[in-house]
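Dear colleague,

I am passing on the structure we spoke about, and I would be grateful if you could look at it with the notes below at hand. They deal with the ligand and with what surrounds it.

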Amino acid sequence: MRKTALTASVLLLSAILSVGCRSSAVSEPVKTNPPDRKTVTVGFSQLGAESDWRKSNTESMLEAFSAENGYTMIYKNGQQKQSNQVTALRMFIQQEVDYIVLAPETETGWDFVLREAKDADIPVIIVDRRVDVSDESLYCCWVGSDFELEGRKMASWLNQFVTKKGISASDVHIAHIQGTLGSTAQLGRTKGLEDAVREFGWDLVASESGDFTEVRGREVMASFLREHEDINVVYCENDNEAIGAIDAIEAAGRRVGSDIAKGEIMVVSFDGINAQAMSYLKEGKISCIAECNPLHGPRVQALIETLEDGRTPSKYNYVSETLFSSVPEIKSVAVDGIAYDVEIVE
Ligand code: GYE
C-alpha cells in the first residue's frame with residue numbers, strides 16, 4: 001500500500017481515470033516558476049538514443065524535471081529493448097515514485113506492467129509514441145505528434161510536386177525506409193505513404209526498416225540501389241535515415257535532388273531537428289521534411305502540474321507541426337480539406 005499522504009492523489013487519480021477520452025492540440029507551454037509544494041518524484045523510461053530527435057527529447061525532459069523546478073527525476077534509458085523498459089517501470093513502482101513517464105518503443109506488450117502501475121496507484125503519462133492496450137484507463141494521458149497526419153502531409157506535398165512537374169504517377173518510383181517496425185511513428189508515417197500510393201497510383205518499389213538510425217538508413221539504401229535501378233524518390237521515416245541514405249546514393253555515383261527528370265533521386269524525411277539534415281534541406285539534398293517536435297519536457301511537466309493541482313488533463317494532447325521545404329513552388333498542402341503552410345527554407 002502507498003503512504004496515506006498519497007490518499008488524496010489516489011482519489012484524484014480514480015476521478016481522472018473515470019473520465020472518458022478527450023483530445024486537444026497543445027499550445028506551446030509557458031515556463032512556470034518552481035511550484036510551492038513538496039518535491040515530486042518522476043520515473044522516466046526513455047526508449048533509447050537512436051536519433052537526434054531522441055537526444056533532444058531526452059534533454060528536454062531532463063531540463064523540465066530539474067530540482068530547480070521542484071522535481072526529482074529517475075531517468076532510465078531502455079537501450080531499444082522493451083524488456084529494459086518493463087524492468088525500469090517495475091523499479092519505479094518499487095521506489096513508489098509519484099508519476100511514471102513512459103516513452104514506449106513499440107505499441108504492444110504494455111498491458112501487464114501498466115496494470116501493475118495502476119494497482120500501485122501511480123499515474124502513468126505516455127509521451128511521444130503510443131501504447132496499444134486493451135484498457136485505456138491503464139494510463140492517464142498522452143502527449144505527442146499525429147504521425148499519420150505527418151505522413152499524409154508529406155504525401156500531399158509529393159503529389160503536388162510530381163503533378164506540377166508533369167511527372168505521371170506510374171513514373172514515381174518510391175523507395176521507402178521505414179522506422180522501427182511497430183512504433184507509432186512508423187505505423188503512422190507508413191500509413192500516410194501507403195494510402196497515397198493506392199490513391200495516386202505511384203510505384204512503391206521497396207520498403208524496409210532502417211530502425212530510425214543513420215547506419216541502417218545507409219545499409220538499406222545501398223541494398224535498394226543494388227536491386228532497383230528506377231528509384232527516383234526516397235521516403236525516409238526520419239532525418240537520420242535520410243542522412244545515411246544520401247551517403248549511400250552519393251557513394252553509388254548518383255545525385256540527390258528534386259530534378260527527377262534529369263536523373264536525380266529526391267529525398268524526403270521527417271523530424272527537422274538535426275542540424276545536418278536542415279543544412280541538406282537548404283542545399284536541396286533533402287527536398288521536404290515534415291516537422292516532428294521533440295521538446296516534450298515542458299508539455300509533460302504541464303500535464304503533471306495539472307494533476308498536482310487536482311485538475312484533469314485531456315487524454316490525448318497533440319502538438320502542431322509544419323513542413324519545411326527547399327522547393328519554393330509548393331506553399332501549402334491540404335489534408336482532409338485543411339490547408340497547412342509549408343515553410344520555405346532558403
Ligand atoms: O521521428 C525518430 C525517432 O518517435 C517521433 O523516433 C519519434 C521518432 C522520431 O527515433 O527520429
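**Surroundings of the ligand**

The ligand has 13 residues around it, and of these Glu-50, Arg-129, Arg-189, Asn-238 and Asp-271 come nearest. Please keep in mind that this is a predicted model, and that the distances below are computed from it.

Sorted by class, the shell around the ligand consists of six charged, five nonpolar and two polar residues. Helix H2 (52-64) and helix H6 (184-200) each contribute at least two residues to this shell. Residues of the shell come both from domain 1 (4-145 + 294-320) and from domain 2 (147-291 + 324-344), and the ligand therefore lies between the two domains.

As for individual contacts, Asp-271, already named among the nearest residues, has a side-chain N or O atom 2.6 Å from an oxygen atom of the ligand. A polar side-chain atom of Ser-51 is found 2.9 Å from a ligand oxygen atom, while for Arg-54 the distance from a polar side-chain atom to an oxygen atom of the ligand is 3.1 Å. The ligand exposes 300 Å² when taken alone, and the protein buries 100% of that area. The space that the ligand takes up is also the largest cavity.

With kind regards

Technical notes: Residues are numbered from 1 along each chain as its sequence is written. This is a predicted model: local features need pLDDT of at least 70, side-chain atom pairs count only at pLDDT 80 or more; totals for chains, interfaces and linings use all residues. Side-chain values use heavy atoms; hydrogens and water are left out. A residue is near a molecule or strand if one of its heavy atoms lies within 4 Å of it. A polar contact is a pair of N or O atoms within 3.5 Å; within protein, one must be able to donate a hydrogen and the other to accept it, and residues adjacent in sequence count only if both atoms are side-chain atoms. Accessible areas come from the Shrake-Rupley method with a 1.4 Å probe; for residues, only the protein chains shown count as cover. On a 1 Å grid over the protein atoms alone, a cavity is a set of points where a 1.4 Å probe fits but cannot get out, and a pocket is an open set with protein on both sides within 12 Å along at least five of seven lines; lining residues have an atom within 4 Å of a point. A molecule sits in a cavity or pocket if more than half of its atoms lie within 2 Å of its grid points. Helices (H or I, at least four residues) and strands (E, at least two) are DSSP runs, numbered from the N terminus. Ala, Val, Leu, Ile, Met, Phe, Trp, Tyr, Cys and Pro count as nonpolar, Asp, Glu, Lys and Arg as charged, and the others, Gly among them, as polar. Domain bounds come from an automatic or database domain assignment.
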